[in-house]
Amino acid sequence: MITRWLTEPVPRSRVAFFRTIVYVFVFLDLVVFTPWVRAHANTPGDLYQPLMIGRLLPLPTPTPLLVNTIFWALLVLSLAAATGRAPRLLGWAVFILYFEWMIIAMSYGKVDHDRIGFLVALAVLPTVGRTRFRDQSLTEAGGWALRVTQIAVICTYFLAALAKLRIGGLEWVTSGVLAQAIIRRGTELADMIAVVPGLLIVSQFGIIAFELLSPLIFVVPQRWRNWVVAFFYSFHVATFATITISFAPHLIAMTSFLPLERIGRLTRRRAGSSAATADVTPD
Amino acid sequence: MSELTTRGRRVRVVATFACLALLVAGTFFGDDDHFPFGPFRMYASSPDPDGDAKDTRVEGVDVTGKTIVITESNSGIRRAEIEGQQAAYEREPARMARIAEAYAEHTPGAPALREVRIVVRWHGIQDARPTGTWTDEVVADWVRP
């Protein structure tokens, strides 16, 4: 039964849209969201503190040549992959390069936790094979890819709650954690919120409750699921509005919960009957 | 509908549970070094609701005597990365020469830095709310020899 749930078939079209969103985001991540990674090209080499994976493999200390080669290769390959062509070859290449890109990013003293779902999406998309925007036939391989991305997204919440209990203990909920976060990176909105007595503590109770309950998304009736996803997104809107943390790659991975094939229907409806003969999908 | 082969299905189920097991193990026993399987420990600590909050900044003083805040955009090094290695900078302030180098590299044409220091601004917190008061503490200081 668990196997059937893990590989519950989805329309190929959904995977096709998800694939394009994910690979376009790789491009945007490099140039818009995390441009600082590239700055490590000329960060002095002795500030490099490789992560365990970097020591095991063992990966080289980043040099300008290495960092810039990965940067430009990823820009070209991610856009090529976004077209849906050669999904395995381009998909694996993008996954390997982006993973190394992230290892470089996290090897200078700070590890981010906003992209496990996204890394999982990159790792599994190549296993789906060819998909097309208008192909409504069902695929189990695609269903698995979306399912494990969803699981990784929910792990980011649920396991974060467990990490809070492990590291901060139960007193996390009444600690000064949000007050500290606001002092470090709070917006004007956050400064207004921070002075309301008890509000930050209530928010901390809310956060851990929502994180612990997040796996329920897998059992709520389908018709409510999009609302739950909307709630997740609203949490990140609030986080961004108060402490300017975007979790952008996580937000992209979360689209794996959405009926993305409807984008195709929407655009076709908008294009009217003339679109009936024009195929939006590259072949 | 295209169905998976028995083998394809088995490989996927095994891979799913293996990764999940690593992630759960990382959550309970791992640390950041185990990326991508380390714990999701962002904001997981429990600072004292009546304790001071730490806001770290890195400052440089250039040869003209001007104080500059070192940021990701003028040095390519993120604040959290300097904090992550703060103990090493405190032990060995000479290491901060690297920050001056990174600044020179990323801000071409700017006067060179003759001093780099890590300053912690301690903000007062009472009942998990900021009090609006603060004091500065220099935790590491490097002056170009």
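Visitor: What distance separates the centres of domain 1 and domain 2 of chain B?

Guide: In this predicted model, the centres of domain 1 of chain B and domain 2 of chain B, taken over C-alpha atoms, are separated by 35 Å. The domain assignment places domain 1 at residues 6–44 and domain 2 at residues 53–143 of chain B.

Visitor: And how do β3(B) and β4(B) pair?

Guide: They pair in the antiparallel sense, over 11 bridges, and one of the bridge partners there is W134(B) in β4(B), which sits opposite H123(B).

Visitor: Which residue in that hairpin takes a positive phi?

Guide: That is D127(B), with a phi near 50°, in a hairpin that has 2 residues between its strands.

Visitor: Switching to chain A, is helix α9 mostly covered or mostly open?

Guide: Helix α9 of chain A, residues 177–185, is mostly covered, with 7 of its 9 residues buried; among the buried ones are V177(A), L178(A), Q180(A) and I183(A).

Visitor: What covers them?

Guide: The cover comes from both chains, and it includes α10, α11 and α12 of chain A together with β1, β3 and β4 of chain B.

Visitor: How many residues of each chain are in contact with the other?

Guide: There are 57 residues of chain A in contact with 49 residues of chain B. On the side of chain A that touches chain B, the largest share, 13 residues, comes from α8(A), while the elements giving two or more residues also include α9 and α11 of chain A.

Visitor: What's the mix of nonpolar, polar and charged on that side of chain A?

Guide: The residues of chain A that touch chain B divide into 34 nonpolar, 16 polar and 7 charged.

Notes:
Residues numbered from 1 in each chain as written. Chains lettered and ligands numbered in written order. Predicted model: local features only at pLDDT ≥ 70, side-chain atom pairs only at ≥ 80, totals over all residues. Buried ≥ 20, exposed ≤ 12 C-beta atoms within 10 Å, placed from the backbone. Helix = DSSP H or I, 4+ residues; strand = E, 2+ residues; numbered from the N terminus. Contact = placed C-beta atoms within 7 Å. Domains from an automatic or database assignment. Pairing = 2+ DSSP bridges. Nonpolar A, V, L, I, M, F, W, Y, C, P; charged D, E, K, R; others polar.
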